[in-house]
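Student: I should like to go through the predicted model below and ask what each term rests on. Please set every value against its definition.

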Amino acid sequence: MSMTDPVADMLTRIRNASKAKHEKVDVPSSTLKAEVARILKEEGYIKNVKVVTEGERPVLRIFLKYSLANAGVISGLERVSKPGRRMYAGKDEVPRVLNGLGISIVSTSKGLMTDKAARAANVGGELLCRVW
């Protein structure tokens with residue numbers, strides 16, 4: 001079975017596992033998904049991410065992060081650019097998420113980066129997702 005939007009599948013798995021209070025979630029691995037997970041880790045939304053080779057295909061094992069009140073650190077995850085409708089933003093149009101309380105992940109010509117890093121590098125690109 002082919003999947004039309006693997007990044008949306010990854011975000012949905014993370015969202016569902018976080019709501020169900022799971023410790024970790026496994027996602028089929030790809031370079032793009034590994035970069036998205038790396039940004040989520042750098043920004044403090046997940047604990048850790050590892051590439052695990054069990055069976056014939058590698059998977060990303062994402063360890064979720066919770067607050068002291070056992071609430072998920074990720075309160076919202078939303079896919080912005082979809083296969084049916086791609087969303088792009090120029091260097092002056094990269095949006096802020098909740099006035100800076102969240103992040104947007106932007107695919108630029110210089111690689112994947114957060115909205116803040118894209119504004120600092122003075123580049124625009126495809127808006128992959130928003131996290132808060």
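**Terms and values**

Tutor: Helix H2 (residues 31-42) lies across E1, E2 and E3, and runs at about 150° to E2. This is a predicted model, in which local features need pLDDT of at least 70 and side-chain atom pairs count only at pLDDT 80 or more, while totals for chains, interfaces and linings use all residues. Residues are numbered from 1 along each chain as its sequence is written, and side-chain values use heavy atoms, with hydrogens and water left out.

Student: What makes H2 a helix, and how is an angle such as this defined?

Tutor: Helices are DSSP runs of H or I with at least four residues, strands are runs of E with at least two, and both are numbered from the N terminus. H2 has twelve residues, so it meets the helix criterion. Axes are lines fitted to C-alpha atoms, for helices over the stretch in contact, and angles run from 0 to 180 degrees between N-to-C directions.

Student: What span does H2 reach, and what is expected?

Tutor: From its first C-alpha to its last, H2 reaches 16 Å, close to the 16 Å expected at 1.5 Å a residue. The expected span is 1.5 Å times one less than the number of residues.

Student: Which residues of H2 are buried, and what puts them on the same side?

Tutor: Buried means under 20% relative accessible area, exposed over 50%, and partly exposed in between (1.4 Å probe, protein chains only). Lys-33, Val-36, Ala-37, Ile-39 and Leu-40 are the buried residues of H2. They cover an arc of only 160° around the axis, and therefore lie on the same side of H2; the arc is that of the directions from the helix axis to the C-beta atoms. The face turned away from this buried side carries the exposed residues Thr-31 and Glu-42.

Student: How do you know that Thr-114 counts as buried?

Tutor: Its relative accessibility is 10%, and that value falls under the 20% limit, so Thr-114 is buried. Thr-114 is found in strand E7 (residues 111-114). Leaving aside neighbours within four places in sequence, Thr-114 is in contact (heavy atoms within 4.5 Å) with Ile-39, Glu-43, Ile-103 and Ser-104.

Student: Why is Glu-78 called partly exposed?

Tutor: Glu-78 has 32% relative accessibility, which is between the 20% and 50% limits, so the intermediate class applies. Glu-78 belongs to strand E4 (residues 77-79). Not counting residues up to four places away in sequence, Glu-78 touches Leu-128, Cys-129, Arg-130 and Trp-132.

Student: What makes E1 and E3 a pair?

Tutor: Two strands pair if DSSP finds at least two bridges between them. E1 and strand E3 (residues 57-64) have five bridges in the antiparallel sense, so the criterion is met. Within E3, Arg-61 stands opposite Asp-26, and Val-59 is the bridge partner of Pro-28. The open sheet consists of three strands in the order E1-E3-E2, with antiparallel pairing. Strand E1 (24-28) and strand E2 (46-54) are its edge strands, each pairing on one side only.

Student: What defines the largest nonpolar core, and which residues have the most contacts inside it?

Tutor: A nonpolar core is a set of buried Ala, Val, Leu, Ile, Met, Phe, Trp, Tyr and Cys residues joined through side-chain atoms within 4.5 Å. The largest one has 24 residues, and Ile-14, Leu-40, Ile-62, Ile-105 and Val-131 have the most contacts inside it. H1 gives the most to this core, with five residues.
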